[in-house]
Amino acid sequence: MAVTVIEVRNLVKKYGSFAAVDGISFEVMKGEVFSLLGPNGAGKTTTVEIMECLRTLTSGEVRILGMDVNKETLKIKGRIGVLPQDFNAFDFLTVKENIEYFGGMFNKSLPADDLIRAVDLGEKRDVWFKKLSGGLKQRVGVAISMVNDPDIIFLDEPTTGLDPKARRDVWAVIQELKAKGKTVILTTHYMEEAEVLSDRVGIIDHGRFLALGTPHDIIEQFGTGSRCIISNCDDACAQSLKQQWPGIERKGGDIVIKLENKGSLPEIIYTLDRSGGNYEQIQVTRPTLEDVFLRLTGKKLHEEEAPPPTEKKGLFGRKKKEKGVA
Amino acid sequence: MANRVLVAIKGEVKTFWRNKSTIFWTVAFPVLLILLFGAIFSGGGTGRVDIHVQDLSDTPASQAFIVSLVDTGSVNIINVSKGTDIDQYIKDNSPYAVLIIPANFSEAFPGPGQSPTQLQLRTDPTNSGSSIAYSIVAGVASQYNLYFAGGTNWITVGMSDITQTGFSYIDFFIPGVIALTSMTTTIFWMVSVMTRYRTNGIFKKLTTTPITRYEWLTAQILWQLVVVFMSVAVIMLVGILVFDMHLTLTPLAILVIIMSSALFSSMGMIIARFIHDEETASTAANAITFPMMFLSGIFFNLAFMPEWLQAIAKVLPLYYVGEALRNTMVYDNQVAAVNNALVVLVLAVVFFVAGVLLSKWKDE
Ligand SMILES: Nc1ncnc2c1ncn2[C@@H]1O[C@H](COP(=O)(O)OP(=O)(O)OP(=O)(O)O)[C@@H](O)[C@H]1O
Ligand SMILES: [Mg+2]
């Protein structure tokens with residue numbers, strides 16, 4: 001049976017008259033990976049830091065593991081793990097010493113060596129934090145967030161600023177957490193990341209949810225449907241296509257057709273064949289959260305794109321997953 | 001809670017030993033200060049003024065006068081031969097006091113009607129020794145006048161050193177250096193650690209754990225006590241080995257050092273509370289400590305300073321720390337030491353409470 005571990009009701013956080021979080025509500029079930037996806041300044045950090053008892057809320061109600069964030073701050077802190085945005089640890093302590101330091105802040109803590117193994121930092125165990133690369137630092141941060149064996153782990157932008165390889169390594173660690181049945185709250189700019197890692201996503205902007213649900217449901221609900229792109233179409237092709245689908249778009253030499261149903265694609269190919277014209281290739285794209293976001297807000301989530309995790313080299317040396325292209 | 005404080009201290013201890021600059025400030029800086037000032041001020045060490053004397057009379061009477069000067073115990077006489085061109089001599093040797101005994105000195109005594117003999121004392125007024133030289137020469141001359149007038153000394157002055165048994169400058173200076181170190185170490189540590197942890201996100205991470213800011217501040221202050229006492233040990237060691245100082249680290253002195261460390265740690269906390277940028281905050285700490293360093297009688301005895309400077313010193317916390325330490329460690333004046341220590345205690349409590357109440361981790 002699904003157990004609710006986080007309940008957020010009509011959460012509002014104001015800075016002066018500006019509402020950084022403007023009335024959001026959601027629930028997270030035990031064992032779920034829930035992502036808050038949104039651009040800079042959307043209110044992601046504000047939302048999670050209220051859940052982490054680091055900021056006070058203006059109005060609404062937030063319960064973590066059944067406890068009110070306004071009242072049982074210390075108890076909640078003992079049962080959650082947090083990787084803050086722009087995480088940093090002690091420069092002159094080693095990886096192991098840092099983990100032990102933060103472990104010492106809790107009443108119970110897991111052995112540092114187990115955590116080091118879990119984030120695959122064995123080689124760097126005795127290296128000063130200062131000397132680690134950004135990706136390794138983030139992994140130390142994830143390890144530290146697990147040090148008190150928390151029920152819920154909050155990861156605020158764990159992959160921002162990392163290169164593609166480091167980013168995938170962090171993903172693998174998060175997938176491992178999920179496999180262990182931990183509840184994870186993730187914030188990210190990267191829709192790829194949200195799609196790959198999360199069970200459910202809340203798309204947030206200006207402190208409000210624009211969409212909330214599984215990535216699949218959101219795309220179904222807000223997406224534009226799949227599209228067929230015929231590149232470098234000559235006029236003959238374009239003419240025949242236009243007769244059949246008056247609403248097509250023409251972008252330079254390319255033609256874009258919305259696929260209404262499964263039967264559309266064979267029909268397009270048939271039409272192209274009959275027209276006797278030339279074209280370079282036919283491509284079918286599925287809408288992504290990115291497209292949904294663009295549609296909902298008219299904004300891009302971010303400038304650069306997270307690389308698709310096509311060839312995933314397992315961080316733990318055993319996971320190998322191929323993700324098919326739709 | 002005790003466990004969290006210990007873990008936090010342990011973290012700072014490790015960081016301390018791995019970070020070279022902190023060791024410099026704790027150990028090398030006070031040692032350099034002592035060696036430097038010790039060398040400057042206890043080099044000659046005799047406490048006498050040098051008077052260069054050109055005796056143009058060169059008679060038993062003039063020689064007797066010179067002996068009288070020597071007998072004061074406060075002068076070194078350097079003889080300048082009769083034929084020397086005194087102006088050239090002054091140029092060459094830059095003395096600060098030159099006494100010229102005129103050729104008619106021996107004939108000066110017979111009865112009234114004759115013009116008085118004039119000793120000529122040429123001094124360099126920029127040198128503090130010159131006025132002492134004048135007092136001594138004038139004093140001896142008065143004695144002679146009194147004697148010739150057939151008078152008797154009705155008032156005499158018995159003088160002995162205030163510090164009783166020959167304390168040196170270094171004995172005066174070392175408690176000051178201890179006071180100074182307890183201030184600079186703690187204030188700069190607090191400012192730098194708090195601004196740095198705030199900027200680099202360590203405070204943010206700490207707030208996600210159950211440690212409270214009271215526990216964290218306690219850990220920092222305890223750790224600073226350790227550092228300060230490390231400095232004190234090094235300072236005392238250098239004082240004993242190099243300068244043969246006469247100090248005792250009394251229980252009261254230890255208490256004063258503890259209170260002073262808490263006082264200045266709190267001052268650092270307050271600075272860091274209001275100035276978030278590390279550079280600016282440390283500039284502010286400098287702006288506070290630098291004048292205090294020079295106006296609190298750490299390097300020089302305030303008794304020689306103008307009144308208004310002494311008045312300023314009396315509102316500076318460091319003055320009371322220095323005085324308390326000096327009174328208990330050097331002069332064995334425990335009553336004065338306790339009085340000074342009470343002032344330090346009150347200041348420490350006030351600053352500590354203010355510091356703890358004002359400090360916060362979250363920047364909401
Ligand atoms: N302490 C504060 N005082 C005033 N405004 C704040 C404060 N903290 C956040 N804000 C504002 O609230 C809004 C939401 O900020 P928040 O940090 O939650 O965004 P975010 O989604 O985490 O962004 P990013 O992706 O850049 O981390 C922003 O407009 C921000 O400027
Ligand atoms: Mg953020």
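**Note on the predicted model: cores, magnesium site and Asn148(A)**

1. In the largest nonpolar core of this predicted model, which has 62 residues, the members touching the most others are Ile99(A), Tyr101(A), Leu155(A), Met194(B), Leu206(B) and Trp216(B). Such a core is a set of buried Ala, Val, Leu, Ile, Met, Phe, Trp, Tyr and Cys residues joined through side-chain atoms within 4.5 Å; buried means under 20% relative accessible area, exposed over 50%, and partly exposed in between (1.4 Å probe, protein chains only). Apart from this core lies another, of 55 residues, including Val31(B) and Phe264(B).

2. The magnesium ion (ligand 2) is coordinated by OG1 of Thr45(A) and OE1 of Gln85(A), at 1.8 to 2.1 Å. Donors are N, O and S atoms within 2.8 Å of the metal (3.2 Å for Na, K and Ca); water is not among the atoms, so the site may look incomplete. Thr45(A) is buried at 14% relative accessible area, whereas Gln85(A), at 27%, is partly exposed.

3. Asn148(A) is buried, with a relative accessibility of 1%. A polar atom of the Asn148(A) side chain lies 3.0 Å from the backbone oxygen of Ile80(A). Leaving aside neighbours within four places in sequence, Asn148(A) is in contact (heavy atoms within 4.5 Å) with residues including Arg79(A), Ile80(A), Phe106(A) and Lys108(A).

4. Residues are numbered from 1 along each chain as its sequence is written, with chains lettered from A and ligands numbered from 1 in the order written. Local features need pLDDT of at least 70 and side-chain atom pairs 80 or more, while totals for chains, interfaces and linings use all residues; side-chain values use heavy atoms, leaving out hydrogens and water.

Conventions. Polar contact = N/O pair within 3.5 Å; in protein donor to acceptor, adjacent residues only side chain to side chain.
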